[in-house]
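Let's take a stroll through this one together. Have a look at the fold first, then we'll get to the details.

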Amino acid sequence: MAKGSAGRDKAVSDQYEDFPYPPRNPEDERDRLITGSPSHLDEVNHYIFAGQRDFSKPFRALVAGGGTGDALIMLAQQLADRGEAGHVTYLDVSQASRSVAEARAASRGLTNIEFLTGSLLDLPNMGPEPFDYIDCCGVLHHLENPEEGLAALDAVLVDDGGMGLMLYATLGRTGVYHVQNALKILVGDEPQKNQVPLAKKFVAGLPKTNWLNRNPFVGDHKMGEDAAFFDLLLHPRDRSYLVPEVIDLLSSSRMSLVTFLEPVKYDPAVFLKDKDLIKRLKKLSDIDKATLAENITGSLKTHLFYAQKSSSSKTIAKIGPEMVPVLKDGNPAETLANAFKGKKKFAVTFDGEKIEFDLPERISEIIGLCDGQRSLRDMQKMLDLNWEGMRSAFAPIFKLLNGWNILWLKDGAKK
Ligand SMILES: C[S@@+](CC[C@H](N)C(=O)[O-])C[C@H]1O[C@@H](n2cnc3c(N)ncnc32)[C@H](O)[C@@H]1O
């Protein structure tokens, strides 16, 4: 058996041949499209391309370590819905995962995808035309050297492009590594498939004091799926990150954070109650604020974030008269407008913690006008306001709902 990092590389590849992740049935594509963060096209446009990208023009995306295809299918479908110029490349070491992703794409009749089998570490040598956007979720933390992985991705990204990434977060995974370490000692010498039944018996017998049992945020091992159980508790190689470690990883490739998602989860002002403590936030950097929030809640299991080259000239989309507010799918304007109507406060639950937010004035009326087509200028006219009045009414609404990551901006002139 191969030893050291080569042995661990092989163990990771073997895992995803035996347990393609996440488990998906291609037949389900007939009934639903899985959407989410990162890589929703409107979200990418907002955070990476200042809301200015026209997706009817050539656009090249890469899904690195694409697994069974969730991000691939979402991106390819959303690009196909906007024209014929968008193209997605899928890359994974696992042939079994690729087969599931291919079947899902075929079931949707998607023809804008190129499938590749191989390691993302080899991307610079593959000599692809550079990509405008790269999705790499749940992959870098399984590499022997995540910095090397990020550098390989950075090498094939256009200068003003961006990445949507997901890395495990340390605090919300408390207990996972205790059980992983215990299982390595107890059943790690067994072939991977034989480890599962033994590990299930081990987990079932853990005492109440065990940190995994005491962690209410982790539940993938209870889903009844061997792939999810293995990925969480028997992974041959995984590590997790605290906020400053995410920033260090990005810096190693001269990349910068654009935003964590959802932004509100990284805002300590939301979780502090005392005015004197809240005042002290003013002098903190954004990274210190995010670090503080992570340590206050202790519930973050993953860090989802957008990043770009530190030299990029692109910014997050900004409020302006020609910008169109776009509500994330699943949040119909009418439903939100009704939910906010006549209320001064609104409670939302994040990771089991109920948080009350002050609702800005006119939120119900203004959100009711957001149909994904109307610009802020259109709304200004409908509300009989001047631009300054419209801007000051919309800014706090945008801050609140963008913080929940359900409201983005795009330039109305672009497709
Ligand atoms: C946890 S899964 C995540 C799949 C997908 N990105 C998602 O979020 O649904 C990790 C994937 O990374 C792939 N992978 C691991 N190491 C890789 C490498 N060096 N190059 C490309 N893919 C890799 C695995 O085969 C597996 O499909």
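What follows covers the sheet, a loop residue, the cysteines and the ligand site.

A word on ground rules: this is a predicted model, where local features need pLDDT of at least 70 and side-chain atom pairs count only at pLDDT 80 or more, while totals for chains, interfaces and linings use all residues. Residues are numbered from 1 along each chain as its sequence is written, and side-chain values use heavy atoms, with hydrogens and water left out.

**The sheet**

Helices (H or I, at least four residues) and strands (E, at least two) are DSSP runs, numbered from the N terminus. Two strands pair if DSSP finds at least two bridges between them. On that basis, seven strands make an open, mixed sheet, and the order reads E3-E2-E1-E4-E5-E7-E6. Strand E3 (113–117) and strand E6 (255–261) sit at the edges with a single partner strand each, so one side of each has no neighbour in the sheet. On average, neighbouring strands here are turned by 20° against each other, direction ignored; the axes are lines fitted to C-alpha atoms, for helices over the stretch in contact, and angles run from 0 to 180 degrees between N-to-C directions.

Zoom in on strand E1 (residues 59–64) and strand E2 (residues 86–92): they pair in the parallel sense over six bridges. Phe59 has Gly86 in E2 as its bridge partner.

Helix H6 (residues 146–154) lies across E1, E4, E5, E6 and E7, and runs at about 150° to E5. Contact means heavy atoms within 4.5 Å.

**A loop residue and the cysteines**

Glu29 belongs to the loop between helix H1 (4–18) and helix H2 (41–48). Is Glu29 buried or exposed? Buried, with a relative accessible area of 5%; the cut-offs are under 20% for buried, over 50% for exposed and partly exposed in between (1.4 Å probe, protein chains only). Leaving out residues up to four places away in sequence, Glu29 touches Ile73, Arg104, Ser107 and Arg108.

With a disulfide taken as a pair of cysteine sulfur atoms within 2.5 Å, the count is zero. For Cys136, the nearest cysteine sulfur is that of Cys137, 7.0 Å away. Cys136 is buried at 1% relative accessible area, and Cys370 is buried too, at 6%.

**The ligand site**

There are 18 residues around the ligand (a heavy atom within 4 Å), and Gly65, Asp92, Ser119, Leu120 and Cys137 come nearest. Polar contacts (pairs of N or O atoms within 3.5 Å) include these:

| Ligand atom | Protein partner | Distance |
|---|---|---|
| oxygen | Asp92, side-chain N or O atom | 2.5 Å |
| nitrogen | Leu120, polar backbone atom | 2.9 Å |
| nitrogen | Cys137, polar backbone atom | 2.9 Å |

Conventions:
Polar contact = N/O pair within 3.5 Å; in protein donor to acceptor, adjacent residues only side chain to side chain.
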